[in-house]
Every structure is written in structure tokens, then in C-alpha cells.
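Please open the structure in your viewer and set the side chains to be shown as sticks. The stops below can be taken in order.

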Amino acid sequence: PCKGGAQGGGGGGGGGGGGRRMVRQQPLNLTLEELYMGASKQVAYNGKTYTVAIQQGWKAGTKITYEEDGVSFVVAEEEHARFSRTGNDLIAVCHPPMLDFLLRGVSERVMHLDQRTVTARLPPRSLTTRLRGEGMLYSMRDATGARTREKGDLIVHLFCNWDELLLQGKNWGRVLLMLGGAFLMLKEPQSFFILITLYSFFRR
């Protein structure tokens, strides 16, 4: 197996002076799990097998170049069923029960990319929370110039089905109107017609 060096995103290599050979770019499709945890992946190209050591936190556009073979593998992130990525942050969307969202608050268990379960807790009627340090690994330089390793965040968005809220409201309205109708039939029959008109609205 061959080994190469990683580079940041940018334009592809090409021919030019000094006898440099043309470098062809090939996509290297990686899952978010591989980019989050790191992995070793074998890639076949032009009759050769290359072993790519995937580093945690690599982004789309990162290049692994084998100049002697004239090939550069360019990282592409595969679409994920539960997460998306923005920079060094991971994004997840949850669909809580409407009653929890409105009244009780939400406690959502999220299965992370490394199979850990993390819990996102939100007070009633909150739509977003941020779990610090649960995103992608990246490196940066501190005030002294030393390179440190940090992690982005996991941002959890709540998506509420407002059609469900309307349906639940209508269902409760029907129950209350039926109870009110029973009361009016006994106490005030002349008001029962008004109640029937309201009930017809909630049946739509």
C-alpha cells in the first residue's frame, strides 16, 4: 500500500515548469463517523491500493496527494441520516411531542456518531440548544502560538409539527364543546343552538 500527505482544500495540482507531472483528483467519500473518529481506509486507483489514514476532523476539500503517482484524493462528506455539519459543529434535528415542547420541556436522547448517547435538555418553547465540545475535532493556535486541539459543538434543533398542535387543539375543543353541550341541554336549552354552530367549526 502507498502512503501520501494531507493538504488543506484548494485547487488541484497541474502541469507546469520544473518537470512536475499532472496530478489527477479523485473523490474520497467519507462518512461523518469516519471524519469524527478517524479511520484507516484503502482506496484503489489505477491498479494500485492506497492506505489513507483519515484524521479526526478532516473537512470536505482536504487533499491526500501522491505526487509520484500523479493522484490526489479529495475528501467529500457523505450525507448522513441524523447529522449535518457546519464548520466544526454538528447539527441534529429532533421531533418532540407537542405537549412536552409547550408545557413540560424537552429531554431528547441523541445517539452520537461514536454510538454514545448524549442528552439535550430544553425548557418549554425553546427551539435550540448547544452541547459544548460534542462536535468535530479541530486544531488551533493559542496566544503563545502553541497548537491545541479543540472540539466544536453539537447543536440540537427542535422541529415542531404545528399541524399536530392544531389537530390536538381541535380534539380538545370537541371534548369541551360536548361537555358544554350536555350541560346546556340540561340548564339552558335555548343556548344549545349556539354550541352546535361552534361544534361544526371544530369538525372541519
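What follows is a tour that begins at one threonine and then moves through several salt bridges.

This is a predicted model, in which local features need pLDDT of at least 70 and side-chain atom pairs count only at pLDDT 80 or more, while totals for chains, interfaces and linings use all residues. Residues are numbered from 1 along each chain as its sequence is written, and side-chain values use heavy atoms, with hydrogens and water left out.

Select Thr65 to begin, and you will find this residue in strand β5, residues 63-66 (helices are DSSP runs of H or I with at least four residues, strands are runs of E with at least two, and both are numbered from the N terminus). Thr65 is buried at a relative accessible area of 13%, where buried means under 20%, exposed over 50% and partly exposed in between, computed with a 1.4 Å probe on protein chains only. Add Ser72 to the selection, since its side chain makes a polar contact of 3.0 Å with the side chain of Thr65; such a contact is a pair of N or O atoms within 3.5 Å, and within protein one must be able to donate a hydrogen and the other to accept it, with residues adjacent in sequence counting only if both atoms are side-chain atoms. Then show Gln25, which is 40 residues from Thr65 in sequence, with 8.7 Å between the two C-alpha atoms.

Next, turn to the salt bridges, of which the whole structure holds 9, each being a side-chain nitrogen of Lys or Arg within 4 Å of a carboxyl oxygen of Asp or Glu.

Select Arg104 and Asp100, whose closest N and O atoms are 2.5 Å apart in a salt bridge. Both belong to helix α2 (residues 98-104), and because they are 4 residues apart there, about one helical turn separates them. Arg104 is exposed at 57% relative accessible area, whereas Asp100 is buried at 17%.

Move on to Arg130 and Asp89, whose side chains meet in a salt bridge at 3.6 Å, N to O. Arg130 lies in strand β11 (residues 128-131) and Asp89 in strand β8 (residues 89-94), so this pair ties together parts 41 residues apart in sequence. Arg130 counts as partly exposed, at 39% relative accessibility.

Keep Arg130 selected and add Asp153, with which Arg130 forms a salt bridge whose closest N and O atoms are 3.0 Å apart. This pair links distant parts of the chain, 23 residues apart, with Asp153 in the loop between β13 (147-151) and β14 (154-158). Asp153 counts as buried, at 9% relative accessibility. Finally, select Asp89, Arg130, Arg132 and Asp153 together, as salt bridges with shared partners join them into one network.
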